[in-house]
Amino acid sequence: MKLSRQFTVFGSAIFCVVIFSLYLMLDRGHFDHPKSPRREGTFPKGQLSILQEKIDHLERLLAENNEIISNIRDSVINLSESVKDGQRNPEAVNFSQGSFSELLPSALVSLTIDPEDCSFASKSGSQDSNVQMLDVYNILPFDNPDGGVWKQGFDITYNENEWDDEPLQVFVVPHSHNDPGWLKTFDDYFRDQTQHILNNMVVKLQEDNNRKFMWSEISYFSKWWDGIDSQKKDAVKRLIEDGQFEIVTGGWVMPDEASAHYFALIDQLIEGHQWLEKTLGVKPKSGWAVDPFGHSPTMTYLLKRSGFSNMVIQRVHYSVKKYFATQKTLEFFWRQNWDLGSSTDILCHMMPFYSYDVPHTCGPDPKICCQFDFKRLPGGRVSCPWRVPPEAIHPGNIQHRAWMILDQYRKKSKLFRTKVLLAPLGDDFRYSESSEWDQQYQNYQKLFDFMNSHPELHVKAQFGTLSDYFEALRKAGNLEEKNSNSVFPVLSGDFFTYADRDNHYWSGYFTSRPFYKRLDRVLESYLRAAEMLYSLALVESKKSDKMNAFPSVDHYKLLTEARRNLGLFQHHDAITGTSKDWVVVDYGTRLFHSLMNLKRVITDSAHILILKDKDTYSYNPSAPFLKMVSSPTYLFLVSVYVNSPKVKVLSPSGKPIMVQVSGVWDGRTTVSHEAYQISFMVHLPPLGLGVYQLLEVLNSEMFLADYNIYTSGGNNVQVNPDKVFKIKEMQNSADDITLENSYMKLWFSGISGLLKKINTKEDGKNHQIKMEFAWYGTTSNRDKSGAYLFLPDGEAKAFIRKDPPKLFTHGRIFSEVTCFFLHLTHTVRLYKVQGLEGESLELSNIVDIRGEYNREIAMRISSDVNSQNRFYTDLNGYQIQPRVAMSKLPLQANIYPMTTMAYIQDSGVRLTLHSAQSLGVTSLKSGQLEVIMDRRLMQDDNRGLGQGLQDNKITANLFRLLLERRNEVDEVGSSVSFPSLLSHTTSFFINHPVIPMTTYAESGVPQILNTFSPLTSSMPCDMHVVNLRTIQSKVYSGPSDEAALILHRKGLDCKFSNKDTGLLCSTTQGKTGDFVS
C-alpha cells in the first residue's frame, strides 16, 4: 500500500508541548504499533476563544499587567478575525517560516530576562509570618508522651468563672462525610446511603427551624438533585435561603491535596461551583476539608481566589496539633509563602483532636464525647469502644449530662483565643436513617434548652452551619473592624507528611497505584486540549449554516462527563490509590471512557479549524476526518508509526525535514518489519495546528538508527541480523557507554548500563550523577505498610542485577540506552537538538513488580551536589515547598508528595527531576533524590480499607532530569524557592504533550490549511494558559457563548543561564497576575 498521508499536529502553545504515554501502552508496557498505516492515534491541546468582556474583566483584575493584557487582547481579537474569515491568508502567520529553521533548530538563542522578572521571586519569603511550618518542624521534638484522656495532647484545666463576663458560644454543626467511592463505588454508596441522607435532610430540617445541616460533595448532591421532584427542590432552596442548610466548599469532591495537580483541583472546583450557580444560585464561602491526608497551601490559595474567607482542616500531624494547642494557634490566617503582603490570607480552623468523628470533636476526652453521639444509644448497630454508652436525655439526667458536655466544651475552648467554639457533629455517611436525625437533634436540643435557660452556666449553645460559626468567630476576633489588630496569628507552609499516631506516617499513598496516577495526568492533558479546541471550534461552527452539523451539544456533554470523571478521581480515596480493588476499576473505567470520548471531541474540533474551505465541512461520526495516532510524542519531537522505512516528511511550507527512522522491537533481539517509528521535529504556532505531510519515497531525508546490543556471556542471547537496520552484538565490558549532544556528554556503566556521570559543555565540568534502583521491605512489627502507610524495614536494599541486557540506540535526532532488568525496563534518552529538548535527559521506567511480596521499588539518583539535608518538592504543580530531611524523624516521615518536580541544589548547580505523574519523593542523603515508583503490599494497614495493594499493573513512569548551573546563592533557610524559566517550560512540556492526528490526502478529501494560528504571537514564556473552558448555558445542558480563560503567571528564579533555551517568546517583565476566570 502506498503511504501518503497528511499529519496534523496540534500544540497547546509554543512553550507548552510535551511527552505523552497512552493508557493501553501503560498497561502493556510496550508500544502498540500498527500493522497497517490506517492506524488511529494520539493528539494534544490548546486554543483560545474568549469573549471580549472576559478580557475586559481580566484587564480590571490585573490592572498593572498592561503589556501582557494588551498582547492577550490583540491575540483574542485576531482569533475572532481569523475565525471569521477562515484564515484567508494562512501563510501570513505560518509558523514554519521566518524565524524557524525547517530542520533542527540550530541558532543559539539567548532569552533576555528583564530584571523585573526576578523581583517577585527575590522578594518572596520576606513577609513576616508568625508561624512558619519549617520552623515548627525544627522546634518540635516529635516525641509522643501519654497525654491522659487526650492521648496525643495534655491535661486541660480551667477556672469556673472564666466565662462570667463573656459567655461561651457553642456551635454544634451537624454534617455527614460522604466519600465518592472507597469501600463501595460512587454509585453503590449513592444507592445504599447518600440518597437517603439527603432525602431525610429535606424532611427533618423542615420539622424544626433550629436544625442545621451542611453538605460538601456536589458529585453526590447533583446526582440526587436530578432524581427528586420539584417540591423537594423548592424545599431545599427554602432551607438554603433560611440558613438551615449550607453548601460548603462546593467542589465536585473533597479532593486529595498531595497527588492532585492544580489543573484538576481548579476544574473540579469550577464544575461544582458552576452547577451550584446554575441550579441553586449559591456561591459557597467556607471550605471544609476534614478527610484529606494532609493539607496543601495550593488548595487554600484556590479557595481564596474563589472568593472564600474561611476554611476548616483536620488531618494534621498529631505533634503539630499538640504544639498549636499549647500556643493557641489552631485558628490562624493561612498565607502563601510567596505572598509579599496579606492578599492570600484566609482564616483557617484546625480541628485539635484525632478525628472528625463525634468522640473526637466535642472535647479532649473521647470516652465522654462518645456518650453524646446518640446514634450509639444501646440497641443500635454502633457502640462506643470505651464501653460507656450514651444515655437518652430526660429530666432525670439532663443536669448531669449538660454539665458533662459543657465541661468538654470549656476544655476544648481553652485551646483557642476566643470564646466561640466549633463542635462538629457527624461522621462518615451519617444521618442515613430517619431515626438518627431524631436521636441526635432531639437530644441535643434538650441539652441546648437546658444550658441556655441557666444563666449561671454562661453558655449559649445551638445548632449552626459553618458560616454561622465563622461569622461569630470574626465578630469575636474584631475582624470586621478594619484597623484593629487580629487576635489570630499568620501561618505559612504546608501540612505534610501526616501522621495520625506513633510513627505511622501516611507517605505510602503518595505512590500507591501509580498506574492510575499516570492515567490521571494523561486525561488532564487530553481534557485541556479538548476544552481549548472545542471552544475555538464552537465559535467557528456558528459562522455558517453548513457548519451547524458540528455536534456542539453532544460534544459538550462528552466534555462535561470528562470533567466530572476527572473531578471524581481527585477524591481523597481515588487518586490516592486507597480504595477497594473493584472501586479502583470503576474509577479507571470512567477515566478510560472519557479518554476515548475526548479523542472524538479533539479530532472533530480540529477538523473544523483546519479546513481551508469551511463550506466543504461535513460531519460523519462513523468516518471521522481526522484520527488520533497511537504513539507517544516527545516535546517538540513527534514520533508516529508507519509501515515503511522509506518516508519523507514535508513541513507546512512544503519543505523536507529531517526524519529519524527507528525500529519497533519485538522482544529484545528482533526488529519488527511490520512497523517502523519515525521521529521528526515540529514547529507549531501558539495555540495552533500545523500540517506535516508523510510520503513514501525511494530516496528521502531519513536517517536510520543504529543499534548495539550488549549481553553477558551467560545470557545466551541470539541477535537476528536485520535487512534494514544495522545491529551489532557486543559483550558487556568495563568500558563505559557514552552519549552526547551540544549541551552535555553522558557516561553509562558498561556493566550495569546505568548513568554514572554528566559533563556540562557550557562550563566543561564533570558531575557525578549515578542512577540506582532499590527495594524497600516492610517492618516485621504488627503494623505494616499498606495503601496509606509507609512502614519500611530500614534503609532500602540495592536492586541487584550487575549485567542486564542493554540496547544502545544511536540516531541523528535522539540516542538512548535501555536496560532490561527483571522488574523494570529503564531507558535514558538524549535529544541531539538545540533548545529545550536537548537540555535535559528523558528517563522512562516500565515497572512490573506483580510477582513481589511486600516490596516497594525506588529510583535513586546520587550526585555530588552538596545539598546537605535540604531538598525541594512541588505542591500540586503550582508552587515549590522547601524541605529538610530530619534525622530525628523516621525515614517514612521524610517522604513528601511530588506532583511534577523535585530538586536539590548547592551554590553551583541545581538538579531537578521532572515527573509526569505524582509519586512520593525524598532526599535522605546529601546529593540524593529518591522516588518511590510502585508498591506491592500484602496486608491492610488498619486505616479502614481492609486490604493491601495487590492489583499492580505494568506501569510506565516518565521523567526528565535537568542539570542547571546557578549564578547566585540563596539565603540559607529561605521558606520559598522557584523553578527556573527552563525548568517551568520543561514541566509544561512533559505534562502537556503535542497531540498528533492523521488524515489521508486522497482525492475528494477537502483541502486543509497548512497551519491554523489563532494568535498573532506567542504568550509570554512565563505565562501559562491553564485552560479555556466553555461555560454551560444557564437554560439548557449545552454550551453558552461564554468561556472561562484561566491564566497562571509563573514565578521564576533568575539565578540560571537562559542561553540556548530555544524559547522564541518574551517574559512579562515582572508584572504579576494570578488565576482569572
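Two strands are said to pair if DSSP finds at least two bridges between them. The model shown in these views is predicted.

**View 1. Two hairpins that share strand β28.**
Strand β27, residues 744-748, runs antiparallel to strand β28, residues 755-760, and five bridges join the two. Within this pairing, methionine 744 has threonine 760 of β28 as its bridge partner. Six residues lie between the strands of this hairpin, and glycine 753 adopts a positive phi near 80° there. Strand β28 also pairs with strand β29, residues 765-776, again in the antiparallel sense, over four bridges. Here the bridge partner of lysine 757 is glutamine 768 in β29. Four residues lie between the strands of the hairpin of β28 and β29, where glycine 764 has a positive phi near 75°.

**View 2. An open sheet of eleven strands.**
The strands follow the order β25-β24-β31-β32-β33-β34-β43-β40-β39-β36-β37, and their pairing is mixed. Strands β25 (726-731) and β37 (879-884) form the edges; each has a single partner strand, so one side of each has no neighbour in the sheet. Ignoring direction, neighbouring strands of the sheet are turned by 20° against each other on average. At one of these edges, β25 pairs in the parallel sense with strand β24, residues 706-711, over six bridges. Isoleucine 709 stands opposite glutamate 729 of β25.

**View 3. The aromatic pair of tyrosine 431 and tyrosine 441.**
The structure as a whole holds 58 aromatic pairs. In the pair shown here, the ring centres of tyrosine 431 and tyrosine 441 are 6.1 Å apart and the ring planes meet at 55°; the pair is classed as tilted because this angle is neither under 30 degrees, as in a stacked pair, nor over 60, as in an edge-to-face pair. Tyrosine 431 belongs to the loop between β10 (420-428) and α14 (434-452), whereas tyrosine 441 belongs to helix α14, ten residues away. Both tyrosine 431 and tyrosine 441 are buried. These two residues are also members of one aromatic cluster, which further includes Phe213, Phe372, Phe374, Trp437, Tyr444, Phe448 and Phe463.

**View 4. The aromatic pair of tyrosine 676 and phenylalanine 725.**
This pair is tilted, with 6.1 Å from centre to centre and 40° between the planes. Tyrosine 676 lies in strand β21, residues 670-681, and phenylalanine 725 lies in the loop between β24 and β25; the pair thereby links distant parts of the chain, 49 residues apart. Tyrosine 676 and phenylalanine 725 are both buried.

**View 5. Lysine charges over phenylalanine rings.**
The charged end of lysine 223 is placed over the ring of phenylalanine 190, at 5.3 Å from the ring centre. In the second example, the charged end of lysine 953 sits over the ring of phenylalanine 515, at 5.9 Å from its centre.

**View 6. Helix α16 with helices α9 and α17.**
The axes of helix α9 (residues 262-279) and helix α16 (residues 514-541) come within 10 Å and cross at roughly 60°. At this angle, α9 is oblique to α16. The crossing of α9 and α16 is left-handed. The axis of α16 also comes within 10 Å of that of helix α17 (residues 552-569), and the two cross at roughly 150°. Angles over 145 degrees count as roughly antiparallel, and α16 and α17 are therefore roughly antiparallel to each other. The crossing of α16 and α17 is left-handed.

**View 7. The mostly covered helix α15.**
Helix α15 spans residues 466-476, and eight of its eleven residues are buried. The buried residues are Leu466, Ser467, Asp468, Tyr469, Phe470, Ala472, Leu473 and Arg474. Asparagine 478, which follows α15, has a positive phi, near 55°.

**View 8. Lysine 322 and glycine 147.**
Lysine 322 is found in helix α11, which comprises residues 318-327. Its relative accessible area is 22%; lysine 322 therefore counts as partly exposed, since buried means under 20% and exposed means over 50%. In sequence, lysine 322 and glycine 147 are 175 residues apart, while in space their C-alpha atoms are 9.9 Å apart.

Methods:
Residues numbered from 1 in each chain as written. Predicted model: local features only at pLDDT ≥ 70, side-chain atom pairs only at ≥ 80, totals over all residues. Heavy atoms only, no water. Axes fitted to C-alpha atoms, helices over the stretch in contact; angles between N-to-C directions. Phe/Tyr/Trp six-rings, centres within 6.5 Å; stacked < 30°, edge-to-face > 60°. Buried < 20%, exposed > 50% of the residue type's maximum accessible area, 1.4 Å probe, protein only. Lys NZ or Arg CZ within 6 Å of the ring centre and 35° of its normal. Parallel < 35°, antiparallel > 145°, perpendicular 65-115°, else oblique. Left-handed = near helix turned anticlockwise from the far one by under 90°.
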